[in-house]
Amino acid sequence: MKPSPLSDLIAQNLRQIRQRIRDAAHGAGRNTTEIGLLAVSKTKPMEAIEAAYASGQRAFGENYLQDAMEKITQLTNLDIDWHFIGKVQSNKTKAIAENFHWVHGLASLKHARRLDAQRPTALAPLNACIQVNLSQQDSKGGVSEETLLPLAQSMSTLKNIRLRGLMTMPDPESSASEQQAVFRKCRQLQEQLIDKGIFLDTLSMGMSKDLEAAIAEGATWVRIGTAIFGQRS
Ligand SMILES: *Cc1c(COP(=O)(O)O)cnc(C)c1O
């Protein structure tokens with residue numbers, strides 16, 4: 001792809017984000033290779049994805065299914081891992097099961113079972129994170145602490161879904177220390193599930209503004225939109 005102001009900007013933003021991830025990992029005494037960068041390209045044009053891809057980015061996150069499907073079907077020539085990070089609804093599970101590598105926002109056994117049944121067996125199991133709601137306000141969705149263990153246990157038995165870990169999003173209005181407390185709580189919940197014999201290796205947490213706090217608390221996927229692609233309109 002030809003250099004353009006957009007691709008130069010995205011390349012530069014990606015370099016900065018990778019540096020922030022390295023610095024945060026270093027500060028937390030963690031290995032940078034444990035932390036994946038998910039580029040959140042929701043609402044952004046195909047050219048933005050191609051530019052990030054040209055800079056070596058391979059994992060992309062999308063929230064809106066229609067928008068995502070257009071990009072996925074146009075970009076089949078690129079070796080992209082697509083992550084669905086939006087709200088899972090019954091009428092979306094088939095397209096998610098057929099077109100994505102990961103789903104981050106699972107919050108019900110009903111949706112997990114549908115995804116399991118609809119995942120084409122020719123594909124590898126769909127990687128999944130359960131979204132946990134650890135903020136006071138519940139507008140963001142996700143399961144409560146109490147329902148987490150039974151859901152994780154049931155999901156672990158599904159063949160075409162591979163439960164990998166937990167995802168959380170702190171209330172963006174809350175203070176930095178409250179956000180960090182949410183990330184810490186999420187990691188503690190993951191450790192409790194591991195203690196119960198559920199295999200998990202993933203914590204999907206941290207966005208453009210709070211990736212440092214999330215990495216300090218053990219994030220293995222940071223989901224970054226604005227800091228790579230600019231403000232969304
Ligand atoms: C939009 C979005 C992001 C990216 O947020 P930025 O602040 O733009 O980095 C991450 N995760 C989810 C679930 C999102 O919806």
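This report walks through the fold of a predicted model, from its overall build to its strands, helices and cores.

## The protein as a whole

Let's begin with the big picture. The protein holds nine helices and eight strands. Along the principal axes, its C-alpha atoms fill a box of roughly 50 × 40 × 30 Å. For 233 residues, a compact globule would be expected to have a radius of gyration near 17 Å, and the value for this protein, 17 Å, agrees with that.

Of the 233 residues, 51% are buried. The protein exposes about 11300 Å², and carbon and sulfur atoms supply 48% of that area. Among the contacts between residues at least 6 apart in sequence, 57% join residues at least 24 apart.

## Strand β5 and its two partners

A good place to step inside is strand β5, residues 126-131. Six of its six residues are buried, so the strand is largely enclosed by the rest of the structure. In a regular strand, side chains alternate between the two faces of the sheet. In β5 both faces are covered: L126, A128 and I130 are buried on one side, and N127, C129 and Q131 are buried on the other.

β5 has a parallel partner in strand β6 (residues 161-167), with six bridges between them. In this pairing, N127 stands opposite R162 of β6. Strand β4 (residues 102-106) also runs parallel to β5, and three bridges join the two. Here V103 stands opposite A128, while W102 has N127 as its bridge partner in β5. N127 therefore makes a handy landmark when you look at the model: W102 of β4 is its bridge partner, and R162 of β6 stands opposite it.

## From β3 through β4 to β5

Strand β4 is mostly covered too, with five of its five residues buried. Besides its pairing with β5, β4 runs parallel to strand β3 (residues 81-84), and two bridges join them. F84 has V103 as its bridge partner in β4. Between β3 and β4 the chain passes through helix α4 (residues 93-99), in a β-α-β crossover that is right-handed.

The next step along the chain has the right-handed sense as well: β4, helix α5 (residues 109-118) and β5 form a right-handed β-α-β unit. V103 is worth finding on screen, as it is the bridge partner of F84 and also stands opposite A128 in β5.

## Strand β1 and its surroundings

Now turn to strand β1, residues 36-40. Five of its five residues are buried, so β1 is largely enclosed by the rest of the structure. Both of its faces are covered, with G36, L38 and V40 buried on one side and L37 and A39 on the other.

β1 pairs in the parallel sense with strand β8 (residues 221-224) over four bridges, and L38 stands opposite R223 of β8. β1 also pairs in the parallel sense with β2, over two bridges. In that pairing, V40 has G61 as its bridge partner in β2. The chain travels from β1 through α2 to β2, and this β-α-β crossover is right-handed.

## Helix α2

The helix in that crossover, α2, spans residues 46-54, and its buried residues are A48, I49, A51, A52 and Y53. The elements that cover them include α1 (5-27), β2 (59-62), α3 (65-74), β3 and α9 (226-229). Just after α2, G56 takes a positive phi of about 95 degrees.

## Nonpolar cores

The largest nonpolar core has 65 residues, and those that touch the most other members are I96, F100, V103, I130, M155, V222 and I228. Helix α1 gives the most to this core, with six residues. Two of the names will be familiar from the strands above: V103 stands opposite A128 in β5, and I130 is one of the buried residues of β5.

V222 gives a close-up of the packing. Setting aside its neighbours within four places in sequence, V222 is in contact with I21, I35, G36, L37, L38, M205, G206, L211 and I215. Another core, of eight residues, lies apart from the largest one, and its members include V40, I85, M167 and W221. V40 is also a buried residue of β1, with G61 of β2 as its bridge partner.

Terms used:
Residues numbered from 1 in each chain as written. Predicted model: local features only at pLDDT ≥ 70, side-chain atom pairs only at ≥ 80, totals over all residues. Heavy atoms only, no water. Buried < 20%, exposed > 50% of the residue type's maximum accessible area, 1.4 Å probe, protein only. Right-handed = clockwise from strand over helix to strand, strands pointing away. Rg over C-alpha atoms; globule rule 2.2 N^0.38 Å. Contact = heavy atoms within 4.5 Å. Areas by Shrake-Rupley, 256 points an atom, 1.4 Å probe, with all protein chains shown as cover. Core = buried A, V, L, I, M, F, W, Y, C linked by side-chain atoms within 4.5 Å.
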